[in-house]
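User: I would like a close look at a single part of this structure, followed by a connected account of the places around it.

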Amino acid sequence: MVTLISDFLVEAQARGFIHQSSDLEGLDAAMSQGRIVAYAGFDPTATSLHVGHMVPIMLLRLLQRKGHKPIVIMGGATACIGDPSFKNEMRKMLSDEQIKENIASIQSVFQQFLQFGPGGNNAIMLDNADWLNKLAYLDFLRDFGTHITVNRLLTFDTIKTRLENNLPLSFLEFNYMLFQAYDYYHLNKNFNCVLQIGGSDQWANILNGAEFVRRTSQKTAYALTTPLLTTASGAKMGKTENGAVWLNPDLMSDYDFWQFWRNTEDDDVIRFLKMFTDLPLSEIDALSHLKGQELNTVKKLLADEVTKLVRGDQSIAGIHETISKVFEQDAQAYTITGSDIAGNPILQTSLSIKDIAMADCEGLQAFTAVVKAGLAESNGDARRLIRGKGIKIQDIVVEDENLQITIPSDRVIKVSAGKKRNALIRIVV
């Protein structure tokens with residue numbers, strides 16, 4: 001076990017970021033001697049990055065905080081190919097227009113994490129299409145093809161998995177590792193970049209890039225990967241029943257993003273505070289002894305800190321107001337009104353709102369309300385939920401499945417199933 005001395009690696013290890021390294025001792029020595037340049041790449045295959053991408057982003061953020069210079073690479077060229085790493089089939093091909101739109105949508109997120117600008121350790125953002133699209137393929141093969149052997153590529157698990165399972169691997173995908181290695185070569189030559197970081201599923205690609213730099217430029221280059229995160233229960237981190245947890249607010253509301261972190265499993269809270277917030281480790285360690293209900297406060301702290309970091313400080317005030325009104329105050333003290341919905345975009349996006357005609361609400365019974373709210377697929381399902389004490393209407397547990405619902409003056413009825421599923425029936429004339 002290497003005893004680390006550089007500020008960056010010491011804290012990165014303490015926060016749980018380090019999984020694999022090509023030469024951890026050598027990298028530690030290089031970082032102790034002065035500023036280095038490091039990069040991470042992101043293929044723009046969607047209009048937003050998701051929570052899984054936050055791990056290398058937070059590592060770039062820590063790197064900058066410790067005085068080193070981060071480079072963010074948008075894979076405008078490599079997104080045209082698709083990374084075959086641990087995938088069973090070829091990625092869907094994207095048009096040039098789609099890739100440009102995705103890059104434009106993704107770029108703004110990084111402004112929340114990194115300080116960009118000229119000089120010093122300010123971050124820079126580049127698009128690998130700027131150099132890969134200019135390559136003459138025959139010249140590329142002649143000048144660089146001899147430095148990467150097929151024998152070597154076939155030893156990588158990303159390739160072996162496809163071949164051993166008789167799954168097709170196109171020549172296009174086979175080129176991905178060559179072009180990613182060239183990215184590292186280009187950044188090393190033009191920006192003196194000596195470190196590439198990424199998730200552990202990128203280990204073969206990153207290691208291949210570091211080796212490529214050594215062979216072509218006779219320079220030392222390092223590889224460092226972060227762990228692929230799973231929750232304490234073994235689920236893939238960053239996935240919900242509704243899909244990925246997106247960083248962009250146009251794909252996921254501030255409230256839903258906050259709620260994802262608020263619902264963190266007990267055994268993951270301290271780990272996620274270390275990886276996804278800037279809170280000092282001493283403060284986080286002081287919370288590590290809390291158990292049970294006491295952890296709820298820590299979960300809210302986690303949700304607040306991550307949401308402020310990703311969505312900005314202004315997002316928190318509205319979220320807290322919504323939580324107070326909708327989920328925490330006593331039903332007799334507060335009832336959601338139509339004006340609340342109209343004036344609160346978080347309510348509009350975080351709750352399922354069903355518009356029902358007044359004529360369809362005459363003689364409305366509790367089990368019918370559950371179905372109309374979209375919280376049960378059938379009357380039978382609704383009745384079973386009520387019998388199991390799993391339904392609240394206007395924040396009051398329903399005891400009688402046939403209960404006649406009184407239409408409130410504002411014509412808005414709140415229906416809840418369990419602790420996390422809430423919906424509004426808005427009665428329209």
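In which loop does Gln218 lie?

Analyst: The model is a predicted one, and the part you ask about is the loop between helix H11 (203–217) and E6, where Gln218 lies. Gln218 has a positive phi of about 55 degrees, although this residue is not a glycine. Most residues other than glycine have a negative phi. Because its relative accessibility is 62%, above the 50% cut-off, Gln218 counts as exposed.

The strand on the other side of this loop, E6, spans residues 222–226 and holds Thr225. Thr225 counts as buried because its relative accessibility is 0%. Leaving out residues up to four places away in sequence, Thr225 touches Phe17, Ile18, His19 and Gln20, together with Gly198, Gly199, Ser200, Trp203 and Ile206.

A second positive phi is found at Asn192, again a residue other than glycine, with a value near 55 degrees. Asn192 lies in the loop between H10 and strand E5 (193–199). The helix before that loop, H10, covers residues 176–191 and contains His186. His186 is buried because its relative accessible area of 16% falls under the 20% cut-off, and, with residues up to four places away in sequence not counted, His186 touches Trp131 and Phe191.

Tyr39 belongs to strand E2, which runs over residues 37–42, and with a relative accessible area of 2% Tyr39 is buried. When residues up to four places away in sequence are set aside, the contacts of Tyr39 include Gln180, Asp183, Tyr184 and Leu187, as well as Cys193, Leu195, Gln196 and Ile197; Leu60, Ile71 and Ile73 are also touched by Tyr39. With Ile73, the C-alpha to C-alpha distance from Tyr39 is 7.1 Å, across 34 residues in sequence.

Gly76 is found in the loop between strand E3 (69–74) and helix H4 (96–110). Gly76 counts as buried, at 9% relative accessibility. Its C-alpha atom is separated by 5.7 Å from that of Asp127, although the two residues are 51 residues apart along the chain. Asp127 is also one of the contacts of Gly76 once neighbours within four places in sequence are left aside, the others being Pro44, Ile99, Ile103, Asn128 and Ala129.

Phe17, already named as a contact of Thr225, also leads to a cavity, since Phe17 is among the residues that line the largest cavity. Rolling a probe the size of a water molecule over the atoms shows where empty space is left. The count comes to 1 cavity of 30 Å³ or more, and about 40 Å³ of space lies in the largest cavity. Besides Phe17, the lining is made up of Arg15, Met58, Arg61, Leu62, Arg65, Lys274, Met275, Thr277 and Asp278. By character, this lining divides into 4 nonpolar, 1 polar and 5 charged residues. H3 and helix H13 (269–276) each supply at least two residues of the lining, and H3 gives the most, with 4 residues.

H3 also takes part in a helix packing. Two packed helices are described by the angle between their axes and the distance between the axes. For helix H1 (residues 7–14) and helix H3 (residues 54–65), the axes come within 9 Å and cross at roughly 145 degrees, and the crossing is right-handed. Phe8, Glu11 and Ala12 make the contact on the side of H1, and Leu59, Leu62, Leu63 and Arg65 make it on the side of H3. The residues of this contact divide into 5 nonpolar, no polar and 2 charged. Leu62 and Arg65, named here in the contact with H1, also appear in the lining of the largest cavity.

Helix H12 (residues 254–262) is largely enclosed by the rest of the structure, because 7 of its 9 residues are buried. The buried residues of H12 are Tyr255, Phe257, Trp258, Gln259, Phe260, Trp261 and Arg262.

For the setting as a whole, the protein chain has 20 helices and 13 strands, and buried residues make up 48% of its 429 residues. Among the contacts in the chain with a separation of 6 or more, 72% are accounted for by residues 24 or more positions apart.

Methods
Residues numbered from 1 in each chain as written. Predicted model: local features only at pLDDT ≥ 70, side-chain atom pairs only at ≥ 80, totals over all residues. Heavy atoms only, no water. Axes fitted to C-alpha atoms, helices over the stretch in contact; angles between N-to-C directions. Left-handed = near helix turned anticlockwise from the far one by under 90°. Contact = heavy atoms within 4.5 Å. Nonpolar A, V, L, I, M, F, W, Y, C, P; charged D, E, K, R; others polar. 1 Å grid on protein atoms, 1.4 Å probe; cavity = no way out; pocket = protein on both sides within 12 Å on 5 of 7 lines; lining within 4 Å. Points joined across faces, edges and corners; volume = space filled by probe spheres on them. Buried < 20%, exposed > 50% of the residue type's maximum accessible area, 1.4 Å probe, protein only.
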